[in-house]
Amino acid sequence: MFFFFVGGLQQEIRQVLKSGVGKCTFCANNRVDLVNYDKVLKLFFVPVWRWPAKDPLLYCGGCKNFFPYNYSLPPGGDGESASPTAVTDALRCRFCDRSVEADFRFCPFCGSEL
Ligand SMILES: [Zn+2]
Ligand SMILES: [Zn+2]
């Protein structure tokens, strides 16, 4: 007789790619890491086969949950903002409202200090 429940496929972290990419939605407190992982086939708690997974996963060390990489985590971490700030080449003069290059100290149009 074969006991299916003593074997199974598990996920084991191989490498942490980036730590603190977000907060866990389940245990809320813990920071979630982006990890590469191995799939491990276990039988009677003994790993019998292991192979690397193609895609990274998000892993919460607090509740031991894995999430797909595209899982939307609430923003967290320590202020590391993922949103790229819009690249502005030009400032705008607050007096004459014309665009001025960012490294100008004075507006070339109206002479105001920027
Ligand atoms: Zn968690
Ligand atoms: Zn101006």
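This text walks through strand β4 and its partners, then turns to cysteine 93, in a predicted model.

Strand β4 covers residues 57-60. In a regular strand the side chains alternate between the two faces of the sheet. In β4, Leu57 and Tyr59 point one way, while Leu58 and Cys60 point the other way. Each of the two pairs is buried, since all four residues are.

Strand β4 has β2, residues 31-43, as a partner, and the two pair in the antiparallel sense over four bridges. Within this pairing, cysteine 60 of β4 is the bridge partner of valine 32. Strand β4 is also joined by four bridges to strand β5, residues 65-68, and these two strands run antiparallel. Here cysteine 60 stands opposite asparagine 65 in β5. Cysteine 60 can thus be followed from valine 32 to asparagine 65.

The connection from β4 to β5 is a hairpin with four residues between the strands. Lysine 64 lies in the turn and has a positive phi of about 60°.

Further along the chain, cysteine 93 sits in the loop between β6 (90-92) and β7 (99-101). Is cysteine 93 buried or exposed? It counts as buried, because 20 C-beta neighbours lie inside 10 Å and a residue is buried at 20 or more. Leaving out residues up to four places away in sequence, cysteine 93 touches Arg98, Val100, Cys107, Phe109, Cys110, Ser112 and Leu114. A separation in space can also be given for glutamate 113: its C-alpha is 8.7 Å from that of cysteine 93, and the two residues are 20 apart in sequence.

Conventions:
Residues are numbered from 1 along each chain as its sequence is written. Chains are lettered from A and ligands numbered from 1 in the order in which they are written. This is a predicted model: local features need pLDDT of at least 70, side-chain atom pairs count only at pLDDT 80 or more; totals for chains, interfaces and linings use all residues. A residue is buried if 20 or more other C-beta atoms lie within 10 Å of its own, exposed if 12 or fewer, and partly exposed in between; C-beta atoms are placed from the backbone. Two residues are in contact if their C-beta atoms, placed from the backbone, lie within 7 Å. Two strands pair if DSSP finds at least two bridges between them.
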